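Thanks for sharing this one. Here are some notes to read alongside the coordinates, in numbered points.

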Amino acid sequence: MCFAVVTMGYANPSLDANADTAVAATEVVEAAEVAEIAEVEEAVEAEAATGVMNQAQKEENIKQNDPHGFTITIMAMVIVVLALVVLFLLFLVFGKLSSRSQAKKKSEAKGLSKADAGKEEADSGEVIAAIAMALAQHFDAHDAEDTVLTIKRMKRAYSPWNSKIYNMREIPQVNKK
């Protein structure tokens, strides 16, 4: 920008000096603006190189890449499900380790060797059912009718668990004079 005042063919020398000063000032301002632009560009390049973005840049990036938020939603759901699977596996592993430890302690308490500890078997349901049937046939606890079950009511002793009196609050006696 050059400011020179020319009036009817007459150039004022003092205005020419001011114009040169104005031109020099303008060049300094333009150089400063170029330097600021260069600094800003360097800062943006540095942020891009380091991968650091400010909040406004992050928001703009999300608006451009995922305007409805489906990607973030799916990612959050996947992270939660994976965390739950990891917790499930941890509990499963710790449960198995705990049961092995308890079995080892139980066999040591019974005085069984390691070879005998593996041979100990629990009774199956079939064995228990056969024993119960044999006992029922042996004792024949029914009346004369085979199809009628006899149910005897047992008189139960007093139990404080179902007593309502213990839930009642005692009212203090007030002495009136």
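1. Let me begin with charge on the surface. Glu 27, Glu 30, Glu 33, Glu 36, Glu 39, Glu 41, Glu 42 and Glu 45 gather there in a patch of negative charge. Please keep in mind throughout that this is a predicted model.

2. One member of that patch deserves a look of its own. Glu 36 sits in helix H1, which covers residues 13–50. Its relative accessibility is 51%, and because exposed means over 50%, Glu 36 counts as exposed.

3. Next comes a charge in another setting. Asp 66 belongs to the loop that links helix H2 (55–65) to helix H3 (70–110). Asp 66 is buried, yet has no salt bridge. How far away is the nearest side chain of opposite charge? That side chain is Lys 63, and the distance is 13 Å.

4. What does Asp 66 touch, leaving aside residues up to four places away in sequence? The contacts are Thr 71 and Ile 72. I would view this loop residue together with those two neighbours on screen.

5. Now for the overall layout. The protein has five helices and two strands, and reading along the sequence gives the pattern β-β-α-α-α-α-α.

6. You may like the surface totals too. The protein has 177 residues, and 3% of them count as buried; Asp 66 is one of the buried residues. The exposed area of the protein is about 17100 Å², with 63% of it supplied by carbon and sulfur atoms.

7. Finally, there is a nonpolar patch on the surface, formed by Val 80, Leu 84, Val 86, Leu 87, Leu 90, Phe 91, Val 93, Phe 94 and Leu 97. Together these residues have about 910 Å² of accessible area.

8. Is Leu 97, from that patch, exposed or partly exposed? This residue lies in helix H3. With a relative accessibility of 48%, Leu 97 counts as partly exposed, because that class runs between the 20% limit for buried and the 50% limit for exposed.

How values were computed:
Residues are numbered from 1 along each chain as its sequence is written. This is a predicted model: local features need pLDDT of at least 70, side-chain atom pairs count only at pLDDT 80 or more; totals for chains, interfaces and linings use all residues. Side-chain values use heavy atoms; hydrogens and water are left out. Patches are made of residues with over 30% relative accessible area and no salt bridge: like charges are joined within 9 Å, nonpolar side chains (Val, Leu, Ile, Met, Phe, Trp, Tyr) within 5 Å. Accessible areas come from the Shrake-Rupley method with a 1.4 Å probe; for residues, only the protein chains shown count as cover. A salt bridge is a side-chain nitrogen of Lys or Arg within 4 Å of a carboxyl oxygen of Asp or Glu. Lys and Arg count as positive and Asp and Glu as negative; His and the chain ends are not counted. The place of a charge is taken as NZ of Lys, CZ of Arg, CG of Asp or CD of Glu. Helices (H or I, at least four residues) and strands (E, at least two) are DSSP runs, numbered from the N terminus. Buried means under 20% relative accessible area, exposed over 50%, partly exposed in between (1.4 Å probe, protein chains only). Contact means heavy atoms within 4.5 Å.
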